[in-house]
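Biologist: I should like to request a close look at a single part of this protein, explained in terms that a first-year student can follow.

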Amino acid sequence: MGLSIPGLKQMMSDSALTNLARAWWDIIQRDCPEEWSRLIPELDLSTPHRVLKPQSLEVLGYLGQISDQALPPYRELLDALVCAREFLYFGQTYTEGDFGAEFLRQYGWIKLLGPDAYWHSDTVSSGFLILGDHNFYPEHWHEAEELYLPLSGQAEWFDERQGWRLQPPGSLIHHASGVKHATRTAGEPLIALYLWRGGNLTQKSSTR
């Protein structure tokens, strides 16, 4: 007797999430500083700690372009994300009252690791930020220290200590705890792997 439709769909979901998580972990090990990668706990990437109900966002319409424009070292991960998108929970931290409807249309994230993510950790959070091709993520700050690794899309990144800088895929962008920062895209959608450590890992960023 074969698998039922729900059983087959769950198997496909599990496989897609595992493939994405393995590609995520490979990039962290290869491209992120050891002081960050060693914070990742030992994980069984075939078995998430939580099952999250899938949720889609409008910004996911950019994923095809994001994957097509990616450099070869990141294409496997982005192809895995495209394949897994229908099974995954994508979220938004903000509301229209924070940054407006157009910002939300071109913004979203997925968390793989953290206090409320697929795999649990109380000390480090990681996933992907996605921005559309003409979006401005206004100045904000948070308690957690943050590291970004853009995987596809050239964008401008602001840090109150250094001003605006154009950063290509493969750059490492560091934001210290409490430092105001921002991001804007102009012509290319962006996806960036992020790592948070220290402080409140579920804190909503502040704009004040």
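Biologist: By class, which residues make up the lining of the largest pocket, and how many are there of each?

Modeller: The model is a predicted one. By class, the lining of the largest pocket has nine nonpolar, seven polar and four charged residues. The pocket itself has a volume of about 320 Å³, and its lining is made by 20 residues. Those nearest its centre are Thr-93, Trp-109, Lys-111, Tyr-194 and Trp-196. The elements that each give two or more residues to this lining are β1 (107-114), β3 (124-131), β4 (136-140), β5 (145-152) and β10. Of these, β1 supplies the largest share, namely three residues.

Lys-111, one of the residues nearest the centre of the pocket, leads to the salt bridges. Its side chain meets that of Asp-116 in a salt bridge, with N and O 3.2 Å apart. Lys-111 has a relative accessibility of 16% and therefore counts as buried, since the cut-off for that class is under 20%. Asp-116, at 37%, counts as partly exposed. The bridge thus joins a buried residue, Lys-111, to a partly exposed one, Asp-116.

The count of salt bridges comes to nine. Another of them pairs Glu-35 with Arg-197, whose closest N and O atoms are 3.0 Å apart. Glu-35 lies in helix α2 (residues 34-37) and Arg-197 in strand β10 (residues 190-197), so this pair ties together parts that are 162 residues apart in sequence. Arg-197 is buried, with a relative accessible area of 18%, whereas Glu-35 is partly exposed at 38%. The two residues also belong to a network of salt bridges that links Glu-35, Glu-145 and Arg-197.

A further salt bridge is formed by the side chains of Arg-184 and Glu-156, with N and O 2.8 Å apart. This pair links distant parts of the chain, for Arg-184 is in strand β9 (residues 181-184) and Glu-156 is in strand β6 (residues 155-159), 28 residues apart. Arg-184 is partly exposed at 31%, and Glu-156 is partly exposed at 27%.

Strand β9 also holds His-181. This residue is buried, with a relative accessible area of 1%. A polar contact of 3.0 Å joins the side chain of His-181 to that of Glu-146. Leaving aside neighbours within four places in sequence, His-181 is in contact with several residues, including Pro-138, Glu-139 and His-140 as well as Phe-158, Asp-159 and His-175.

Strand β5, one of the contributors to the pocket lining, contains Ser-152. Ser-152 counts as buried, its relative accessibility being 0%. Its side chain reaches the backbone oxygen of Ile-66 at 2.7 Å. Ser-152 also illustrates how residues distant in sequence can meet in space: Ser-152 and Ser-67 are 85 residues apart in sequence, and their C-alpha atoms are 7.3 Å apart. When residues up to four places away in sequence are not counted, Ser-152 touches residues among which are Ile-66, Gln-69, Ala-70 and Leu-78, together with Pro-169, Pro-189, Leu-190 and Ile-191.

Two further buried residues complete this description. Gln-167 lies in strand β7 (residues 163-167) and counts as buried at 10% relative accessibility. The side chain of Gln-167 makes a polar contact of 3.3 Å with the side chain of Ser-171. Beyond its neighbours within four places in sequence, Gln-167 is in contact with Gly-153, Gln-154, Ala-155, Trp-157 and Ile-173.

Leu-104, in turn, lies in helix α6 (residues 101-105) and is buried at 15% relative accessibility. Leu-104 and Tyr-94 are ten residues apart in sequence, with a C-alpha to C-alpha distance of 7.7 Å. Tyr-94 is also one of the contacts of Leu-104 when neighbours within four places in sequence are left aside, and the others are Gln-92, Thr-95 and Glu-96.

Key. Residues are numbered from 1 along each chain as its sequence is written. This is a predicted model: local features need pLDDT of at least 70, side-chain atom pairs count only at pLDDT 80 or more; totals for chains, interfaces and linings use all residues. Side-chain values use heavy atoms; hydrogens and water are left out. A salt bridge is a side-chain nitrogen of Lys or Arg within 4 Å of a carboxyl oxygen of Asp or Glu. Helices (H or I, at least four residues) and strands (E, at least two) are DSSP runs, numbered from the N terminus. Buried means under 20% relative accessible area, exposed over 50%, partly exposed in between (1.4 Å probe, protein chains only). A polar contact is a pair of N or O atoms within 3.5 Å; within protein, one must be able to donate a hydrogen and the other to accept it, and residues adjacent in sequence count only if both atoms are side-chain atoms. Contact means heavy atoms within 4.5 Å. On a 1 Å grid over the protein atoms alone, a cavity is a set of points where a 1.4 Å probe fits but cannot get out, and a pocket is an open set with protein on both sides within 12 Å along at least five of seven lines; lining residues have an atom within 4 Å of a point. Grid points are joined across faces, edges and corners, and a volume is the space filled by probe spheres set on the points. Ala, Val, Leu, Ile, Met, Phe, Trp, Tyr, Cys and Pro count as nonpolar, Asp, Glu, Lys and Arg as charged, and the others, Gly among them, as polar.
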